[in-house]
Amino acid sequence: MSFNQLGLSDALLKAVVKQGYKTPSPIQSKSIPLILEGKDLLASAQTGTGKTAGFTLPLLQILSEGQSLRKRPIRALILTPTRELAAQVYNNVNSYSEFLDLRSTVIFGGVNQRPQVATIKNGVDILIATPGRLIDLQNQGFLSLANIQILVLDEADRMLDMGFLRDIKKIISFMPKQRQNLLFSATFSKEIKKLASEFLHNPMTIEVARENSTVDVIQQKVYRVAKAKKTGLIIKLISEGNWKQVLVFNRTKHGANRLCKKMISAGISASAIHGNKSQGARTKALHGFKNGTVRVLVATDIAARGLDIPLLPHVINFELPNISEDYVHRIGRTGRAGASGEALSLVCGEERGYLRDIEKLIGLKLPTSIVEGFEPDPNAPSKPVKKQQRQSRHSKARKTGEGKNTSEQSHKSRRSKRHRNRYRN
Ligand code: AMP
């Protein structure tokens, strides 16, 4: 199958060639013709499958063929759960529409609304938004959704996990009933099916498996190490391996900052990305990481969601997550698009309980080794941290929930159950 066979216009094909894409991914070959036919879609596809181009290319074609209205009312809305994902989708929309007369913009919270309002006022055809800021601007009368022809819900399952259901319903109520709806979700949970039944009209269903299943392609390794020697070990691994692009996970914002400083002192360029960083700082860190000027990106779990970093060779868990499902999300950042990747975890005595929980979840015993000079502390608690203690830590983590998405934290237990089922199957 080639892009030429999908019914896309020359302007879009030119943009695709410019991106360097040779053949459409499975989700693209399936979704593009159906969307061009005007069908509603319920698509299961995760990040890394090429889903963004899968909905963006046909959406751009439909809009460019449609009636051009002088004032450019918003005709397509793409809703995403996080600002990082919104920014990423916007970049894609921008690239793919380079040779078309269409305008797009992105809005999300955490930054000044004034420039966003000004851009919308000038007229945009496509709006990419997170639900909170969209409702804010709608309530203030700065935008109208009365001309929406196409609605895309991207990563709908995560929007539900983050407690956006009410917001989504409210946003939909501002739109005309006659419109095309595209729902993309990593899973088809009961909640997603319910949402789909409420607002999709005779949808076509597409399911595309991830190119690699997390636990199969990724080489996972555990280093047992004393807590106090973790920094030394991570610096040794990165330096001696001469690794150029490493994503490191830390449980806390302060821990991420501390580690980042120590890396820099050791001569390894590093940036931290977490909920306390401004949007500008996050974008800058991510940009540096992608273009190779920053070798190590130290991230917390919440900040890392929605980051699009293709073909990442190394992921290191400086600390194991206290929620096992986060481990699967973290290591899913390596080995994208068929390439193999390596996920290392530095585990000290008190984290052994977390390790056991993770191994139970993924159904694998992870190979463990010790590096000379970085041995585990014999005085560290030898038993795994008791469940009760872990739970109280868990609730503490919830209470101190990072960033503004506390609702995301409070939905974790429901998510846990779903994910456990997913990764067992
Ligand atoms: P997504 O799943 O939309 O987040 O896309 C994952 C990555 O795949 C992005 O970096 C895209 O630029 C890239 N991509 C999308 N479609 C293709 C394609 N047909 N061929 C090669 N790369 C692609």
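This report describes two sheets of a predicted model and the helices that pack on them or on one another.

The structure is a predicted model, in which local features need pLDDT of at least 70 and side-chain atom pairs count only at pLDDT 80 or more, while totals for chains, interfaces and linings use all residues. Residues are numbered from 1 along each chain as its sequence is written, and side-chain values use heavy atoms, with hydrogens and water left out.

**Confidence**

The pLDDT, which is the predictor's confidence in each residue on a scale from 0 to 100, averages 84 over the chain, and 84% of the residues score at least 70. Over residues 211-215 the pLDDT is below 50, and this stretch has 16 contacts in the model beyond near neighbours in sequence, a contact being heavy atoms within 4.5 Å. Residues 384-388 likewise stay under 50 in pLDDT, with 8 contacts beyond four places in sequence.

**The sheet from β1 to β7**

Helices (H or I, at least four residues) and strands (E, at least two) are DSSP runs, numbered from the N terminus, and two strands pair if DSSP finds at least two bridges between them. An open sheet of 7 strands, with parallel pairing, follows the order β3-β4-β2-β5-β6-β1-β7. Its edges are β3 (104-107) and β7 (204-207), each of which has a single partner strand, so one side of each is left without a neighbour in the sheet. Neighbouring strands here are turned against each other by 15° on average, direction ignored. Within this sheet, β2 (residues 76-79) runs parallel to β4 (residues 126-129) and is joined to that strand by 4 bridges; alanine 76 has isoleucine 126 as its bridge partner in β4.

Helix α2 (residues 26-36) packs on the sheet by touching β1 (41-44), β6 (180-185) and β7, and its direction makes about 165° with that of β7. Helix α3 (residues 51-65) lies across β2, β4, β5 (150-153) and β6, running at about 170° to β5. For these angles, axes are lines fitted to C-alpha atoms, for helices over the stretch in contact, and values run from 0 to 180 degrees between N-to-C directions.

**The sheet from β8 to β14**

An open sheet with the order β10-β11-β9-β12-β13-β8-β14 also has 7 strands and parallel pairing. The edge strands, β10 (270-273) and β14 (368-369), each pair on one side only. Strand β8 (residues 218-224) pairs with β14 in the parallel sense over 2 bridges, and tyrosine 223 stands opposite serine 369 in β14. Helix α15 (residues 324-331) packs on this sheet, touching β8, β9 (246-249), β12 (314-317) and β13 (341-347), with its direction at about 155° to that of β12.

**Two helix pairs**

| Helix pair | Axes come within | Crossing angle |
|---|---|---|
| α6 (residues 131-139) and α8 (residues 165-173) | 10 Å | roughly 40° |
| α15 and α16 (residues 352-362) | 8 Å | roughly 70° |

The crossing angle of roughly 40° makes α6 oblique to α8, where angles under 35 degrees count as roughly parallel, over 145 as roughly antiparallel, 65 to 115 as roughly perpendicular and the rest as oblique. The crossing of α6 with α8 is left-handed, the term for a near helix turned anticlockwise from the far one by less than a right angle, with right-handed used if clockwise. Pro131, Leu134, Ile135 and Asn139 of α6 make the contact with Asp167, Lys170 and Ile171 of α8.

The axes of α15 and α16 cross at roughly 70°, which makes α15 roughly perpendicular to α16. This crossing of α15 and α16 is right-handed, and the contact is made by Ser324, Glu325, Tyr327 and Val328 of α15 with Asp357, Ile358, Leu361 and Ile362 of α16.
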